[in-house]
Amino acid sequence: MRKFFEFINKLDRRVIFIFVALAIIIPLLRPLNIKFTVTEPVQGFYDAIEKVPQGSKVLFSCDYEPGSRPELFPMTVAALEQMLRRNLKVIALSLWPAGPPIVEEALSDVAEKQFKSKYGVDYVNLGFKEGREVVMVSMGSSIPTTFPQDFRGTKVSEIPIMQGVSNFSDVKLIVNISGGYPGTKEWVQQVQARYNIGLVSGCTAVSAPEYYPYYQSGQLRGLLGGMKGAAEYEMLVGRTGLGRKGMDAQSMAHLIIFLFIVLGNLAYFSLKKKKT
Amino acid sequence: MRKEVPLIITFLAGFFFIADYFIPHTGFSNIAADVNGWAIIVLAFSYILGVGNVLRINAQRIAKKEKDWVLKVILVLCLFFMLGIGIFGGIAEGSIFDWFFVNTYTPMQATMFALLAFFIASAAFRAFRVRTTQAALLAITAVLVMIGRVPIGETIWKSFPDFTEWIMGVPQLAGKRAILIGAALGAISTGLKVITGLERTYMGQD
């Protein structure tokens, strides 16, 4: 037993890598379909969009890049599906440079192909604007001045969905999918607090703990945290997406890490006991 | 005047935007909106500075043939390639830029972040050793949240997700809120010091 624990104590990290890789690959190839229920913050996100009157305009800020795509793209498409199903007019934008192509892909998959929505009438992609918090505050004065053209180069003044949209008072809700800075925290600090507009957030699992104070205070009406949040949200929207498909793999990976932590501590205490 | 002019500009700009937050006058807000627009333009120029800096640093290393200088040549070539196809071919869906973005940049960036999962697993194995009481609390809480935040947790114990939500929504929230308030007070203090000229490190002085 001592030799086993000594082996564990000096375990090559490549062994851990192999176990984690198997824990992820096997459930993706052979789904386990582990059941789960919806938590309150996710329900809040869903309910906030459901409460927006049909036909209203919603600002959809997708502030992330391909690195966060596995966690955030599933919630992006699920949110688009819920919004378009409720006939909400989606004004999409991004505060991250590599965000707009991801937004275009989501809009193409959901708005164009699934709902046969019309660009410029039912949805628009305003693209990226550098400036972070300055852009947020500038939109509070005038969205068309901040984004004079959309991602495709069309003047915003010529886009039907943007008629009558001056600033945040002309949108009913801000849906923010955030991968870091600038993101949800800045939207809360610069926009929600100042203009008192409804805000919901989908974010990476590592960022979610930081936004719980905003959810608890009501500054965020809903919060999706990581791939689990995306999976729960997909369940509410009625969509079998990448979030739900990734849950088995994430479950097994977390279980493997837990087992290694337990093994590591058993080895540590066992060898410590023998030394004393 | 080299020291005084930046200090005066900082004071006026800082005071102006503080006043903008509290003054609801349309005229004042319109001026603030214009100044915000100028700020966005100036910030956009930071990309040019960034590109210039990348070229300057890498050109020096290529000229001196430092370690991995070939990789730096590839970096500079890729930079100009993507700039060129983006500027001359556009970045819309279906463009050459879009193809390279979707088929090279996206998978490469996703791969870099995916590698983190393996390194975190290895780090957790080594770091979560219960050597002290605090380390024990950290390890136990981390394990509970890690298992509770995935479906397997609910399979093990039906109330695991609710218990994890309690950890996130009560003790974690309390600590995080304290940090947020502390950071906000620090930011206010630093901001006021910069605006009033007490803090001058941004000017490159001691």
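Reader: Taking a salt bridge as a side-chain nitrogen of Lys or Arg within 4 Å of a carboxyl oxygen of Asp or Glu, how many does the rule find across the interface of chain A and chain B?

Author: One salt bridge turns up across that A–B interface. B:D20 pairs with A:R194, and their closest N and O atoms are 2.9 Å apart. This is a predicted model, where local features need pLDDT of at least 70 and side-chain atom pairs pLDDT 80 or more, while totals for chains, interfaces and linings use all residues. Residues are numbered from 1 along each chain as its sequence is written, chains are lettered from A and ligands numbered from 1 in the order written, and side-chain values use heavy atoms, without hydrogens and water.

Reader: OK. How many residues of each chain are in contact?

Author: Chain A puts in 62 residues and chain B 47, with contact meaning heavy atoms within 4.5 Å.

Reader: And what area is buried between chain A and chain B?

Author: About 5,000 Å², with carbon and sulfur atoms giving 68% of that area. Buried area is the accessible area (1.4 Å probe) lost by both parts on being put together, summed over the two.

Reader: Switching topic: what's the strand order of the open sheet in chain A?

Author: It goes β3-β2-β1-β4-β5-β6, six strands with parallel pairing. Strands are DSSP E runs of at least two residues, helices H or I runs of at least four, numbered from the N terminus; strands pair if there are at least two bridges between them.

Reader: Which strands stand at the edges?

Author: β3 (123-128) and β6 (222-225) of chain A; each has a single partner strand, so one side of each is left without a neighbour in the sheet. From one strand to the next, the twist averages 15 degrees.

Reader: Back to β3(A): how many bridges join it to β2?

Author: Four bridges link β3(A) with β2 (residues 89-94) of chain A, and the two run parallel. If you want a spot to click on, A:V90 sits opposite A:Y123 in β3(A).

Reader: What about the other edge: which helix lies across β5 and β6 of chain A?

Author: That's α10 (residues 226-237) of chain A, which runs at about 120 degrees to β6(A). Angles go from 0 to 180 degrees between N-to-C directions of axes fitted to C-alpha atoms.

Reader: Last one, backbone oddities. Which peptide bond is cis?

Author: The one from A:Y181 to A:P182, with omega near 0 degrees. A:P182 is in the loop between β4 (173-178) and α8 (184-195) of chain A.

Reader: And what's with phi at A:R132?

Author: A:R132 has a positive phi, about 50 degrees, despite not being a glycine. Look for A:R132 in the loop between β3 and α6 (133-141) of chain A.
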